[in-house]
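The exercises below ask you to read helix packing and chain symmetry from a structure. Please try each task before you follow its solution.

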There are 2 protein chains.
Amino acid sequence: MSSLNKMLGIMTLFSDQKFAWTIEEMEARLSLPRSTLYRYLRELVDAEFLTSLPEMGYTLGPKIIELESIVQRQDPLITASRPLMKELVAEFGGVAALCRNYRQKVLCVHQEQGADGFRSGYLKGQSRPLLMGSASRVIFAHLPNQMVAKLFDDHADAFRLAGLGSDIEAVRQSLKTIRQRGWDVTIGQVTSGVTGVAAPIFDGRENVAGSLSVVLRRTDLSEERLSVIADKTTFCARAITRALSDSGEEESNPNVRPGRSLSRLIPTI
Amino acid sequence: MSSLNKMLGIMTLFSDQKFAWTIEEMEARLSLPRSTLYRYLRELVDAEFLTSLPEMGYTLGPKIIELESIVQRQDPLITASRPLMKELVAEFGGVAALCRNYRQKVLCVHQEQGADGFRSGYLKGQSRPLLMGSASRVIFAHLPNQMVAKLFDDHADAFRLAGLGSDIEAVRQSLKTIRQRGWDVTIGQVTSGVTGVAAPIFDGRENVAGSLSVVLRRTDLSEERLSVIADKTTFCARAITRALSDSGEEESNPNVRPGRSLSRLIPTI
DNA sequence: CATCTATTATCGTATTGTGGTATTTAAGGC
DNA sequence: GCCTTAAATACCACAATACGATAATAGATG
């Protein structure tokens with residue numbers, strides 16, 4: 001294992017469960033000698049990724065907050081979505097969530113809260129598996145076939161649990177249904193008593209970039225009400241898709257010859 | 001320069017001005033060979049600190065958002081302040097800002113907006129120098145004397161520009177005045193047409209941890225109004241100070257023998 | 001299928017990180 | 001002011017490991 005790897009390993013220690021680590025704890029967890037650990041820590045503290053709290057150990061530093069704020073201001077997906085998400089919660093209440101898929105998980109990258117004070121249990125910065133909850137499933141339904149096949153091979157039981165089917169053909173059919181409808185709804189799959197309605201967001205080509213969802217603390221939405229919410233969510237998601245492909249084309253770096261698809265804002269998987 | 005250092009150098013490329021970097025641009029900027037650069041990038045992408053946007057280069061990855069959300073949920077300063085900041089903007093409107101000093105700068109780590117829709121020009125995640133704006137000055141006024149002296153030696157002109165005095169004795173007097181009043185106010189020093197009122201936050205002992213401020217889009221506050229705002233801000237800041245020292249004592253890691261001061265939440269400088 | 005570009009693998013070399021130990025720094029207690 | 005304790009850094013011989021020019025591969029494009 002490379003030293004770079006080991007140093008980055010320090011950054012992955014921090015969690016909601018453990019916000020500060022002492023040298024002793026890191027030494028035990030990472031089984032690195034003290035002097036090496038101190039060397040890594042000095043680098044990370046100098047670069048402001050960590051900061052030292054006397055008597056409490058080390059914790060995350062100011063750089064994390066600075067970089068995240070750059071993402072919030074500059075990420076095309078987030079900046080395009082924010083105003084539409086405010087509209088959604090103004091109309092329906094609850095919470096609007098913007099999710100993005102990175103590799104094999106779905107991360108909530110932004111949220112807007114409505115006036116009713118409801119907070120989703122799936123907060124910004126938290127990630128969920130690809131199969132549970134409408135925000136994840138609607139992304140999953142648009143992933144390449146071969147990736148679906150591979151995931152099914154590896155985690156067939158998870159597919160059954162999620163109610164997506166017990167063989168690959170049934171799964172394909174479930175996903176096709178979601179694709180054809182253009183949106184997805186799940187009730188109580190992430191948090192009991194909560195309904196989520198989600199629509200996919202695409203980049204300039206046909207790749208899923210993420211999903212837009214509306215989350216309400218209800219389980220008894222009427223067919224008509226659900227359809228109104230789903231329509232508006234889908235409409236907003238399409239508007240974001242359009243904004244992404246437009247900005248992608250005009251902002252594309254002129255130093256890069258347009259070889260492959262432009263405006264692909266989905267990270268590589 | 002160590003390889004760790006060089007790798008972290010990649011992370012500092014990203015800014016509001018440049019959100020995505022291609023390999024060619026990094027190569028030119030960091031003057032590292034391609035193969036080395038790719039090796040670093042692979043590590044950073046694997047650890048999810050970066051992500052690759054095809055045709056656009058590399059940009060900040062999901063780990064940044066995840067780590068920042070941990071800070072927002074777990075940092076004792078932020079969690080203690082949030083409810084009080086909501087109260088402040090509910091009463092006075094404008095924006096409540098929570099700042100923290102790291103080394104020789106002051107970083108805004110949290111904000112709450114009032115109903116009047118005003119947004120400060122000094123957003124969350126952005127940092128300011130120690131001398132300008134009440135949120136910074138009220139922190140600076142409580143820093144150790146020797147640090148003030150050193151900074152004055154290095155940047156005497158900046159002190160004059162900030163109106164803090166042209167010799168060390170005048171500066172000491174200005175800072176003493178701020179300390180004795182218990183809060184600070186500046187008008188248009190950060191953004192023209194904007195008034196900031198700030199009070200210091202301390203950790204368990206006598207060290208400044210940061211500042212709490214109320215920012216209003218006005219320049220014509222009456223003496224009485226100002227004093228009402230300053231009183232309430234100071235009151236809230238003291239409440240936060242109390243919360244920090246309390247939590248610091250009960251949460252202190254039992255593995256660490258209480259040798260030096262407990263509950264010092266100020267990062268080392 | 002041919003082509004082009006982004007990314008990864010290879011591998012001999014010596015630079016550079018390693019990790020014991022000793023030392024310094026800094027805070028608190030007495 | 002001095003002693004104690006812990007945190008953090010400096011030191012340094014050794015060899016592991018990162019380097020980097022080059023070649024190979026992957027993956028999309030047309």
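**Exercise 1.** In which hand, left-handed or right-handed, does α7(A) pass α9(A)?

*Solution.* This is a predicted model, in which local features need pLDDT of at least 70 and side-chain atom pairs count only at pLDDT 80 or more, while totals for chains, interfaces and linings use all residues. Residues are numbered from 1 along each chain as its sequence is written, chains are lettered from A and ligands numbered from 1 in the order in which they are written, and side-chain values use heavy atoms, with hydrogens and water left out.

Helices here are DSSP runs (H or I, at least four residues), numbered from the N terminus. A crossing counts as left-handed if the near helix is turned anticlockwise from the far one by less than a right angle, and as right-handed if clockwise; by that rule α7(A) passes α9(A) in a right-handed crossing. The partners on the α7(A) side are N145(A), V148(A), A149(A) and F152(A), and on the α9(A) side they are I168(A), V171(A), R172(A) and L175(A), where contact means heavy atoms within 4.5 Å.

**Exercise 2.** Describe how α1 and α3 of chain A pack, and classify the residues between them.

*Solution.* First, take the geometry: α1 (residues 3-11) and α3 (residues 34-46) of chain A pack at about 70°, with their axes 10 Å apart, the axes being lines fitted to C-alpha atoms over the stretch in contact and the angles running from 0 to 180 degrees between N-to-C directions. Angles under 35 degrees count as roughly parallel, over 145 as roughly antiparallel, 65 to 115 as roughly perpendicular and the rest as oblique, and α1(A) and α3(A) are therefore roughly perpendicular to each other.

Next, list the residues: S3(A), K6(A), M7(A), I10(A) and M11(A) of α1(A) touch L37(A), Y40(A), L41(A), E43(A) and L44(A) of α3(A). Finally, sort them by class, with Ala, Val, Leu, Ile, Met, Phe, Trp, Tyr, Cys and Pro as nonpolar, Asp, Glu, Lys and Arg as charged, and the others, Gly among them, as polar; the contact of α1(A) with α3(A) then has seven nonpolar, one polar and two charged residues.

**Exercise 3.** Work out how chains A and B are related and how their α4 helices meet.

*Solution.* Begin with the superposition, done by least squares on the C-alpha atoms of residues with pLDDT of at least 70 in both copies: a turn of 180° and a shift of 0.0 Å along the axis lay chain A on chain B with an RMSD of 0.1 Å. That is the relation of a two-fold axis. The copies meet through the same surface, because 100% of the interface residues of chain A are also interface residues in chain B.

Then turn to helix α4 (residues 62-74) of each chain, where the two helices pack at about 120° with axes 9 Å apart and are therefore oblique to each other. Their crossing is left-handed. I64(A), I65(A), L67(A), E68(A) and V71(A) meet I64(B), I65(B), L67(B), E68(B) and V71(B), a set of eight nonpolar, no polar and two charged residues.
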